[in-house]
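Trainee: I'm new to reading protein models. Can we go through one together, one feature at a time?

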Amino acid sequence: GNLQEFRTDVSEDDTSYQISAELPGFKKEEINLDVEGDCLTISAQHSEENEESDEKKNYIKRERFYGSYSRSFDITGVDVDAIKAEYADGILKIDLPKVIPVAPASRKLEIQ
């Protein structure tokens, strides 16, 4: 099948990035999110099983693919363990919290 791209919007605020991807007509199970290093890949594959019979009335299961979609995003600076994704009404929304640099703790030293 040919790989197509889907429409995505990426926005950002102080604490996180948000990706929203338009994937109408997909089931949640058909969408995959993979993180490898600093790369997040969203892929979706649409297939439909068709049952067709031959002349002897034996049923043949056939899968027809409607296409697969794939896009990758650079997620440098994202807290991978805190990524959350939800899919509703044809829109996949992914919340990518930024890694917050830990400031060294300051403490006051008592003067002896």
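Trainee: Let me pick a residue to start with: is Tyr69 buried, partly exposed or exposed?
Mentor: Look at relative accessible area: under 20% is buried, over 50% is exposed, and in between is partly exposed (1.4 Å probe, protein chains only). Tyr69 comes out at 22%, so it counts as partly exposed. Phe26, with 9%, is buried. Over the whole chain of 112 residues, 24% are buried.

Trainee: Anything I should know about the model itself before we go on?
Mentor: Yes, this is a predicted model, where local features need pLDDT of at least 70 and side-chain atom pairs count only at pLDDT 80 or more, while totals for chains, interfaces and linings use all residues. Residues are numbered from 1 along each chain as its sequence is written, and side-chain values use heavy atoms, leaving out hydrogens and water.

Trainee: Okay. How many helices and strands does the chain have?
Mentor: Both are DSSP runs, numbered from the N terminus: helices are H or I with at least four residues, strands are E with at least two. Here you get zero helices and eight strands. Read from the N terminus, that's β-β-β-β-β-β-β-β.

Trainee: Which strands form an open sheet, and in what order?
Mentor: Strands of a sheet pair through backbone hydrogen bonds, either parallel or antiparallel. We call two strands paired if DSSP finds at least two bridges between them. In this model, four strands make an open sheet with antiparallel pairing, in the order β2-β3-β8-β7. At its edges stand β2 (8-12) and β7, each with a single partner strand, so one side of each has no neighbour in the sheet. Ignoring direction, neighbouring strands here are turned by 15° against each other on average; the axes behind such angles are lines fitted to C-alpha atoms (for helices, over the stretch in contact), and angles run from 0 to 180 degrees between N-to-C directions.

Trainee: Can we walk across it, pair by pair?
Mentor: Sure. β2 and β3 share five bridges, and Thr8 stands opposite Ala21 in β3. Next, β3 and β8 run antiparallel, joined by seven bridges, with Glu22 opposite Ile91 in β8. Finally, five bridges join β7 (residues 84-88) to β8 (residues 91-97), and Tyr87 has Leu92 as its bridge partner in β8.

Trainee: What sits between β7 and β8?
Mentor: They form a hairpin with two residues between them, and Asp89 in the turn has a positive phi of about 55°.

Trainee: Now the inside. How many residues does the largest nonpolar core have?
Mentor: In soluble globular proteins, nonpolar side chains tend to be buried together. A nonpolar core is a set of buried Ala, Val, Leu, Ile, Met, Phe, Trp, Tyr and Cys residues joined through side-chain atoms within 4.5 Å. The largest one here has 16 residues, and those with the most contacts inside it are Ile19, Leu23, Ile31, Ile42, Leu92, Ile94 and Leu96. Two or more residues of this core come from each of β3, β5 (39-53) and β8.

Trainee: What is Ile42 in contact with?
Mentor: Contact means heavy atoms within 4.5 Å. Leaving aside neighbours within four places in sequence, the partners of Ile42 include Phe6, Ile19, Leu23, Tyr69, Leu92 and Ile94. For the chain, 48% of contacts between residues at least 6 apart in sequence join residues at least 24 apart.

Trainee: Tyr69 again! How many aromatic pairs are there?
Mentor: Rings of Phe, Tyr and Trp (its six-membered ring) pair if their centres lie within 6.5 Å; planes under 30 degrees apart are stacked, over 60 edge-to-face, and the rest tilted. A search of the whole structure gives two pairs. Phe26 and Tyr69 are edge-to-face, 5.6 Å centre to centre with 85° between the planes. They are 43 residues apart: Phe26 is in the loop between β3 (16-22) and β4 (31-36), and Tyr69 in β6 (residues 59-74). Ring pairs link Phe6, Phe26 and Tyr69 into a cluster.

Trainee: And which charged end sits over the ring of Tyr17?
Mentor: The test is NZ of Lys or CZ of Arg within 6 Å of the ring centre and within 35 degrees of the ring normal. It's Lys98, 4.9 Å from the centre of the Tyr17 ring. Lys98 is also in contact with Thr15, which lies in the loop between β2 and β3.
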